[in-house]
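Thanks for making the time this morning. I would like to walk you through one model slowly, so please have the sequence and the structure in view while I talk.

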Amino acid sequence: MSATKLPSPESLAALVSGVTETMLGIRFDLLPQSREAPTDGWRAAVIPIEGDRKLAVAVAADLSSARDLTSAIFYCEPNEVEVEMIDDALRELSNIVAGQVKVTMNVDDALGLPKIIEPGNNSWQPPSRWQAA
């Protein structure tokens, strides 16, 4: 099955919002080009899409946003959210969004397991070319 080109940043934000609006009533929009994504205090879940064309889907959030998102997923107050809960929420969202990306791109390759990336992990840092949603 041949894959199509990568979705635009606007399409990716719409894919994420399609998942989170349905589940949680939370919408994602692109950051203005003049505003940079946070470089400190963020967490991300990255999930590979295995196959001939190497792809990965990352869902990242600053800690405040991740806490709000996680509290909505777990139906608890933001002050009750622990880091492990944030990691679980980001992994689940990355899995759902990666599935949506596969459908959008007409990719029939297997999803890998989501991996949590934390600040200070020298093996990987968010690329400057990321579009923040």
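**The sheet and what packs around it**

Let me begin with β1 and β3, which pair in the antiparallel sense over three bridges. If you look for one of these positions, Ala45 has Ile116 in β3 as its bridge partner. I should say at once that this is a predicted model, and please keep that in mind throughout.

Two helices lie against the sheet. One is α2, which packs on the sheet and touches β1 and β2, with its direction making about 95 degrees with that of β2. The other is α3, which also packs on the sheet, but touches β1, β2 and β3, and whose direction makes about 40 degrees with that of β1.

Taking the sheet as a whole, it is an open sheet of three strands in the order β2-β1-β3, with antiparallel pairing. Because β2 and β3, the latter spanning 115–117, each have a single partner strand, they stand at the edges, and one side of each is left without a neighbour in the sheet.

Now to the two helices themselves. How do α2 and α3 pack against each other, in angle and in distance between axes? The angle is about 80 degrees and the axes are 9 Å apart, which means that α2 is roughly perpendicular to α3. On the α2 side, the residues that meet α3 are Ala66, Arg67, Leu69, Thr70, Ile73 and Phe74, and on the α3 side their counterparts are Met85, Ile86, Asp88, Ala89 and Leu93. Sorted by class, this contact has eight nonpolar residues, one polar and two charged.

Let us move to the interior. The largest nonpolar core has 25 residues, and those that touch the most other members are Ile49, Val57, Leu90, Val97 and Val101. The largest share of this core, eight residues, comes from α3. To take one of its residues, Val97 touches Val16, Val57 and Val59, when residues up to four places away in sequence are not counted.

Finally, two residues that deserve a look of their own. Thr20 lies in helix α1, and because its relative accessibility is 0%, Thr20 counts as buried. Leaving aside neighbours within four places in sequence, Thr20 is in contact with Gly25, Ile26, Arg27, Phe28 and Leu93.

And is Asp87, in helix α3, buried or exposed? With a relative accessibility of 10%, where buried means under 20%, Asp87 counts as buried. Beyond residues up to four places away in sequence, Asp87 touches Arg43 and Ile116.

Key:
Residues numbered from 1 in each chain as written. Predicted model: local features only at pLDDT ≥ 70, side-chain atom pairs only at ≥ 80, totals over all residues. Heavy atoms only, no water. Core = buried A, V, L, I, M, F, W, Y, C linked by side-chain atoms within 4.5 Å. Buried < 20%, exposed > 50% of the residue type's maximum accessible area, 1.4 Å probe, protein only. Helix = DSSP H or I, 4+ residues; strand = E, 2+ residues; numbered from the N terminus. Contact = heavy atoms within 4.5 Å. Axes fitted to C-alpha atoms, helices over the stretch in contact; angles between N-to-C directions. Parallel < 35°, antiparallel > 145°, perpendicular 65-115°, else oblique. Nonpolar A, V, L, I, M, F, W, Y, C, P; charged D, E, K, R; others polar. Pairing = 2+ DSSP bridges.
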